Structures are given as structure tokens and as C-alpha cells.
Amino acid sequence: MPQNHDLRGRIAGQSAMAAVVEAQSRRAPRRAVARLFGISPLTKQSRAQYRGAVGELLVGSILDRLGHSWDVLHGVPLGDTSLDHFAVGRAGVFAVTVVNCQGDDVAVNGDELIVARSVSTAIVTARTAARAVAAALSTALGRDVDVIAVLVMVEPVKVSMLAIPADVQILTSMQLEQWLASAPALFTGEEVATLSTAAEASTTWPHPQQAAQKSRNLTRAFVRIHHDVRAASLRSFFWIVTALIVTFLSVWVLVSVLTELVVTS
């Protein structure tokens, strides 16, 4: 099978990062006042992509450190959409979908993923992606290939499992590495190699996307945006703390003055 060097060269979160960089490139430069007071540099359009990219980068880094017995691909094309991460090892074939839940409470209720009181279709998306991966690999190898759907929730504050779907494994990013590392072996090393070769073949996936043309430049551009977002967050936090201190001191002075007036009257 011909190798897909574009796919092999994709980096975690590449599509989301590209969307963020593209959206930010159309934004007018922030004014000095906005920078001073920590107004986020992100546009409304790019906030969701930025959050998604950060989540994919974190999960991608976890998968990439699994070791040489695993093969990991990022941004696998599935036609009009793409799979966040693909992993194959002796424990099986995994289609990994990522939801960034940093700072949010999460509830799982069947096919509903409720993040900060908003219903997400991520569980259905994870199942659909796994089925598409299974179909593509089965066609490429001429035999049925089972693919495990995995939904990874990045750093949620609290997770409530109300009703767990039977065909989608739901994990937090803190659980992912240990869960994969402790999974029982299903394949031999030769079988893993065969699946890996099929996964990176240019003929396996529908409409292979161009990838990693300028991944280094893309990473640099995203890192600059990430730095600006972090700096804005720190400035915003500084002003919030300052406002709280000023408010506390003002109340304290007012109470002291009123107390003094009462005592002297």
C-alpha cells in the first residue's frame, strides 16, 4: 500500500489550529487599552476552535508517549470530517474523539454529553467516527476490523455518569494513558504492523486531506496566539484581583468612618 506521508506528518490539533490562525489573521490589531486590560485576542469565531485545539494537543501528547508498541495518527480524514486521533497497539484499534471540558462540570446521560449545562453530540460523533474508521480499515484489509470508540474529556472539574453508553468508552484525559497501557493484548506485533500500514495508506481513507505542508509555521503561529491568550488572561486576573482589593479597602474605610462617627456622636 502506498504510504500517505501527508497523513503521517499531521500534528495533533492541526485542523483546529489552522482554523484559529486563519480567523485571527482577519482580526484587526488590538488597541493598547484592550491589551492593557487583558481583553482576549480571540474572536468569537476562533474561541471554540482554540479550545478544541488545546484539548487535542493535550490528548495528542498523551498518545504520543505511549511507546514504540503503539502507532498514533492525528487528524485522520473521514470525508467531510476528520478523526482527532487514531491509535493502534496490541490492545486494539482506537478512534479517539476529544472534548475540551477544562473548568466545566460534565454529565454523561446515554448519548448526551452535558458540558456546563449545554448538550453536546460528542458521544454520537465518537461512535460515528469509530464506525467510519472500522469500515475504511475493513475495506482496505478485506476483513472485519473492530474499532473501539473512545471519547476523551479534557480536565473536567466533575463528571457525573448518569447512563453510560455501551459502545463508547468515556474517559478523562487523566485516565487515558493508564487505561490504554493496562488494556489486555488482542493483537500480535505483526498484526499491529499490518493495521498500521493500512492506516497510513493513501488509499484507505476517503478524500485524503493535504497535511503538514507548513506544520512548523502553523505551530509557531498558534504558539504566538496561545502566548497572547495566556498573557491576556493573566492581565485580566490581575485587574480582577486589584478591583477586589480596592473594593475591600473601600468598604473597610467606609465602615471605619461610620464606626468612628457612631462612637463620637
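This is a guided tour of a predicted model, going from the whole chain to selected strands, a helix and aromatic rings. Residues are numbered from 1 along each chain as its sequence is written, while side-chain values use heavy atoms, with hydrogens and water left out. As the model is predicted, local features need pLDDT of at least 70 and side-chain atom pairs count only at pLDDT 80 or more, whereas totals for chains, interfaces and linings use all residues.

Begin with the whole protein, whose C-alpha atoms fill a box of roughly 95 × 45 × 30 Å along the principal axes. Its radius of gyration is 24 Å, where a compact globule of 265 residues would have one near 18 Å (taken over C-alpha atoms, the globule rule being 2.2 Å times the number of residues to the power 0.38). Colouring by secondary structure shows eight helices and nine strands (DSSP runs, with helices being H or I of at least four residues and strands E of at least two, numbered from the N terminus). Of the 265 residues, 40% count as buried (under 20% relative accessible area, with exposed over 50% and partly exposed in between, using a 1.4 Å probe and protein chains only).

Next, select strand E9, residues 168-172, which is largely enclosed by the rest of the structure because four of its five residues are buried. Adding strand E7, residues 148-154, shows a parallel pairing with E9 over five bridges (two strands pair if DSSP finds at least two bridges between them), in which valine 150 stands opposite glutamine 169.

Move on to helix H7, residues 189-200, where the buried residues are Val192, Leu195, Ser196, Ala198, Ala199 and Glu200.

Finally, display the aromatic side chains, among which the structure holds three pairs (rings of Phe, Tyr and Trp, the last by its six-membered ring, with centres within 6.5 Å; planes under 30 degrees apart are stacked, over 60 edge-to-face and the rest tilted). Tryptophan 70 and phenylalanine 94 have ring centres 5.8 Å apart and planes at 40 degrees, so this pair is tilted. Tryptophan 70 lies in the loop between helix H4 (44-64) and strand E1 (71-78), and phenylalanine 94 in strand E3 (residues 92-100), 24 residues apart; both are buried.

Then centre on phenylalanine 86 and tryptophan 205, whose ring centres are 6.3 Å apart with planes at 70 degrees, so the pair is edge-to-face. Phenylalanine 86 sits in strand E2 (residues 81-89) and tryptophan 205 in the loop between H7 and helix H8 (215-264), 119 residues apart. Phenylalanine 86 counts as buried at 0% relative accessibility, as does tryptophan 205 at 4%. To end, select Trp70, Phe94 and Trp179, which ring pairs link into a cluster.
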